[in-house]
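Here are some notes to read alongside the model. Keep the viewer open and find each residue as you go.

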Number of protein chains: 2
Amino acid sequence: MKRMSGILSYDGTGFSGYQIQPDQRTVQGTLEKVLQQMHKGEAIKTTASGRTDTGVHAVGQVFHFDTPLSIASDAWKRALNTLLPDDIRLVAMEEADPEFHARFDVVAKEYRYRILRSENGDVFKRNYTYHFPYEMDVERMREAALFLIGEHDFTSFCSAKTEVVDKVRTVHRLEIEETGDELVVSIEGNGFLYNMVRIIVGTLLEIGSGKKRTEDVPEMLAAKDRDAAGKTAPGHGLYLWKVLYGKDE
Amino acid sequence: MKRMSGILSYDGTGFSGYQIQPDQRTVQGTLEKVLQQMHKGEAIKTTASGRTDTGVHAVGQVFHFDTPLSIASDAWKRALNTLLPDDIRLVAMEEADPEFHARFDVVAKEYRYRILRSENGDVFKRNYTYHFPYEMDVERMREAALFLIGEHDFTSFCSAKTEVVDKVRTVHRLEIEETGDELVVSIEGNGFLYNMVRIIVGTLLEIGSGKKRTEDVPEMLAAKDRDAAGKTAPGHGLYLWKVLYGKDE
């Protein structure tokens with residue numbers, strides 16, 4: 001058996017999220033169906049770095065699987081891309097260490113969130129950015145972001161349904177870039193709770209547009225209460241950008 | 001009655017082209033249904049600068065219609081954008097001269113064609129660019145383009161099904177720009193025959209990749225035979241970019 005690891009890019013628009021679910025079109029389900037085809041009907045289980053929700057995109061999702069087949073990495077890539085639908089592409093494929101684990105070995109993840117500011121929106125970006133055409137004070141958002149960098153209990157910044165007990169996470173980097181008519185929020189951390197990036201972005205947008213105050217962010221964190229933070233920004237602006245493993249450090 | 005003119009942007013992916021057709025989702029059909037709603041069920045006929053094919057996009061399609069309603073231009077825009085699906089946006093709306101005609105008054109049109117050169121493609125651009133990951137000599141394409149600028153009989157560069165008799169058109173500008181991993185062909189002319197832009201692009205791509213020669217373009221034009229030119233590039237890379245009327249000159 002060989003352990004293979006791959007990097008996937010997908011347009012989340014047409015999927016009910018990453019994780020396999022009966023009677024739903026999911027990224028994992030689509031990927032495993034194609035792998036099963038390549039293994040003459042034998043079911044192949046894949047493990048990804050984590051799930052993504054409905055409408056959420058990936059530029060660099062990582063997954064692994066074990067296979068009895070001896071196929072060169074390039075040939076794997078070509079074969080999978082031929083069989084996969086065109087809203088999923090395999091960007092890279094390689095033979096991994098047999099001990100490599102796409103979820104447990106994650107050292108950090110980077111997400112990006114694209115916000116479209118133009119008044120009229122853009123038909124070509126409607127599934128790829130969150131259209132938010134309101135006056136915004138980006139400097140205020142940047143100041144608020146500083147309060148979120150570092151190790152914090154992010155209870156206020158995750159879905160109230162989160163079942164994980166330990167909600168302490170470290171945000172290494174949280175930057176807001178203005179490019180043309182877009183605002184791009186990049187966030188890197190050692191781990192993310194359910195909806196954490198989308199709640200951080202939603203809160204920053206409320207601060208930028210004057211509905212919440214920059215100086216209230218420390219209190220939001222201290223409250224450890226989901227209601228203390230802002231709304232959850234929609235999924236279709238979010239990208240799982242990069243997954244970092246020990247070897248990348 | 002007032003004559004209103006508007007500028008539409010649409011993502012062609014989900015439409016069977018611009019022109020209304022029974023039992024098909026078309027841009028014109030969608031637009032006229034919404035106008036009918038606004039006119040309490042009364043059918044409203046719209047006239048556009050021209051049709052676009054299935055999958056072809058528009059950044060600046062122009063249309064006009066007559067209405068008994070007295071609504072300010074901004075309110076028209078807001079109302080239509082509220083009722084239209086999110087793959088069609090009204091970019092501008094104004095009251096036009098009662099003599100203005102969106103088709104007959106066209107002085108020139110600009111189309112753009114986006115070619116994606118990156119090896120792996122891009123899931124987010126799959127409906128918006130033509131993926132052509134082959135070695136290309138862009139300078140050779142630019143030289144070939146020079147032969148097409150000016151007044152020519154474009155019989156070789158339009159669909160063999162074209163019914164128009166006079167196939168002489170003037171190309172004012174034909175430029176090829178390299179931007180990141182894309183090649184963008186911009187073409188402006190006084191009129192375009194059926195499939196003309198896509199056949200010009202397909203021919204330029206065959207020249208760029210060495211399948212046809214730059215110096216053969218004058219013979220292709222002289223042949224007045226569709227088989228003399230290259231293949232028709234697919235619709236999803238094409239954008240109706242801008243329609244020019246007398247007043248813009």
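The points below go from the two chains, to the domains, to one residue and one set of strands.

1. Before you start: this is a predicted model, in which local features need pLDDT of at least 70, side-chain atom pairs count only at pLDDT 80 or more, and totals for chains, interfaces and linings use all residues. Residues are numbered from 1 along each chain as its sequence is written, while chains are lettered from A and ligands numbered from 1 in the order in which they are written.

2. How do chain A and chain B relate? A turn of 180° with a shift of 0.0 Å along the axis lays chain A on chain B with an RMSD of 0.0 Å. That is the relation of a two-fold axis. The superposition is by least squares on the C-alpha atoms of residues with pLDDT of at least 70 in both copies. The copies meet through the same surface, because 100% of the interface residues of chain A are also interface residues in chain B.

3. Now look inside chain A, which is divided into domain 1 (2-95) and domain 2 (107-248); these bounds come from an automatic or database domain assignment. The domain centres, taken over C-alpha atoms, are 27 Å apart. Their contact takes 13 residues from domain 1 of chain A and 10 residues from domain 2 of chain A. Here, two residues are in contact if their C-beta atoms, placed from the backbone, lie within 7 Å.

4. Is Leu31(B) buried or exposed? Leu31(B) counts as buried, because it has 26 C-beta neighbours inside 10 Å (buried requires 20 or more other C-beta atoms within 10 Å of its own, exposed 12 or fewer, partly exposed in between; C-beta atoms are placed from the backbone). Leu31(B) is found in helix α1 (residues 27-38) of chain B; helices are DSSP runs of H or I with at least four residues, and strands are runs of E with at least two, numbered from the N terminus. Leaving aside residues up to four places away in sequence, Leu31(B) touches Thr46(B) and Ile88(B). Ile88(B) is 57 residues from Leu31(B) along the chain, yet their C-alpha atoms are separated by 8.5 Å.

5. Finally, follow strand β9 (residues 182-189) of chain A, which runs antiparallel to strand β5 (residues 106-116) of chain A and is joined to it by 8 bridges. Strands pair if DSSP finds at least two bridges between them. Within β9(A), Leu183(A) stands opposite Ile115(A). Strand β8 (residues 168-179) of chain A is also antiparallel to β9(A), with 8 bridges, and Glu177(A) stands opposite Val184(A). β8(A) and β9(A) form a hairpin with 2 residues between them, and Gly180(A) in the turn has a positive phi of about 60°.
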